[in-house]
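Student: I am new to this structure and would like to look closely at a single part of it. Please take me slowly through the salt bridges and the sheet that lies around them.

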Amino acid sequence: MSVITHLFLPHHTNNQRAKILHPSSLLVVLSLVLVFQMAVGKISYRYPRILGYASVIQPVQILTLTNQQRQSQGLPALELDPQLSAAAARKAADMFARDYWSHVSPAGTQPWTFITAAGYSYRYAGENLARDFSDPDSVVQAWMNSPSHRENMLSNRYRDMGVAVADGNLGGRETTLVVQMFGTRLGQAPATAAVGSAFTVKAQEVLPTSAPVTSPFTLTKIFSVSLLVLFAAVLLLDVVIVNRRRLVRWTSKSFAHFIFLAVVALAAITLIRGQII
């Protein structure tokens, strides 16, 4: 009990400030975070069946969920096109190879370059990108919550769609990329509304796979949120106890603690939500 008090509560043994809030302890915590991230990366690389990426995201699931959204708006289903899927896979590979997260590569390569290189001559084309998501529902929902991505998802200009899901290292961190490409071939008419019609998914069946015990995203989220809750609780207790004892301790060090907490909160929110462009 004395160890817990020393670590988490203002006490005479820690100069009336929880030991975990001391600058030296914050450096230790930051070091532990870095070690944790490195350990997750190494375990996921060596033991993907225990800690694997993209275990629950399949291209056909993205197609199905997209068509469900279109059906709800009275739009016809998109067909899964192998050439667009090949273009999406090449775009994902290029982002990993050149280490960028953008619709346009550092060399100026546009998404349409990958589409035409795959042999798909388009009349209309579009692209949605996502990263750091662990399930297909959250990917599609994030796109639907964004006006520009939603416009692609529900556009009646498109007839076909291609999807690629790829794992790799981006910006020094292991992640999963989801690339969604839309298109209508030259000579094809844009899709027309078909209110009340049912859609069918013409795509390969998702074969059962041996799912990992958990994903790095899930583990990192749990770790980040737990760390956030711990520091929030300690800071709250610190404020309450200091007020009850009528101690004035609003110093630059206390301000630094709140900055540290804000950084942890921002990291946790980013990990929970994933990213789309």
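**Salt bridges and their sheet**

Tutor: Arginine 98 is a useful place to begin, since at a relative accessibility of 45% it counts as partly exposed; please keep in mind throughout that this is a predicted model. The salt-bridge partner of arginine 98 is aspartate 94, and the closest N and O atoms of the two are 2.9 Å apart. Aspartate 94 has a relative accessibility of 14% and therefore counts as buried, the cut-off for that word being under 20%. Both residues belong to helix 4, where they sit four residues apart, so about one helical turn separates them. As a general matter, side chains of opposite charge can pair when their charged atoms come close.

Four salt bridges are counted in this model, and another of them joins the side chains of lysine 91 and glutamate 127, with 3.0 Å from N to O. Here the pair ties together parts that are 36 residues apart in sequence, because lysine 91 lies in helix 4, which spans residues 82-98, while glutamate 127 lies in strand 2, which spans residues 122-131. Lysine 91 is buried, its relative accessible area being 0%, and glutamate 127 is buried as well, with a value of 6%.

A further salt bridge is made by the side chains of arginine 131 and aspartate 132, where the distance from N to O is 3.3 Å. Arginine 131 counts as buried at 8% relative accessibility, and aspartate 132 is buried with a relative accessible area of 1%. Arginine 131 also leads us into the sheet, for its bridge partner in strand 5 is glutamine 275. Strand 2 and strand 5 run antiparallel and are joined by two bridges.

Turning to the sheet as a whole, we find five strands in an open arrangement, with the order 1-3-4-2-5 and mixed pairing. Strand 1 (79-80) and strand 5 (275-276) stand at the edges, and each has a single partner strand, so one side of each is left without a neighbour in the sheet. Strand 2 pairs with strand 4 in the antiparallel sense over nine bridges, and within this pairing alanine 125 has glycine 183 of strand 4 as its bridge partner.

Strand 4, made up of residues 173-185, is mostly covered, with 10 of its 13 residues buried. Strand 4 also runs antiparallel to strand 3 (residues 160-170), to which it is joined by 11 bridges, and there leucine 177 in strand 4 stands opposite alanine 166. Strand 3 and strand 4 form a hairpin with two residues between the strands, in which glycine 171 takes a positive phi near 65 degrees. In general, the side chains of a regular strand alternate between the two faces of the sheet.

Two helices complete the picture. Helix 6, residues 136-144, lies across strand 2, strand 4 and strand 5, and its direction is at about 120 degrees to strand 2. Helix 3, residues 59-72, lies across strand 1, strand 3 and strand 4, running at about 135 degrees to strand 3. If you now return to strand 2, you can follow it from its salt bridge between glutamate 127 and lysine 91 to its antiparallel pairing with strand 4, and then on to the bridge between arginine 131 and glutamine 275 in strand 5.

Terms used: Residues are numbered from 1 along each chain as its sequence is written. This is a predicted model: local features need pLDDT of at least 70, side-chain atom pairs count only at pLDDT 80 or more; totals for chains, interfaces and linings use all residues. Side-chain values use heavy atoms; hydrogens and water are left out. Buried means under 20% relative accessible area, exposed over 50%, partly exposed in between (1.4 Å probe, protein chains only). Two strands pair if DSSP finds at least two bridges between them. Contact means heavy atoms within 4.5 Å. Axes are lines fitted to C-alpha atoms, for helices over the stretch in contact, and angles run from 0 to 180 degrees between N-to-C directions.
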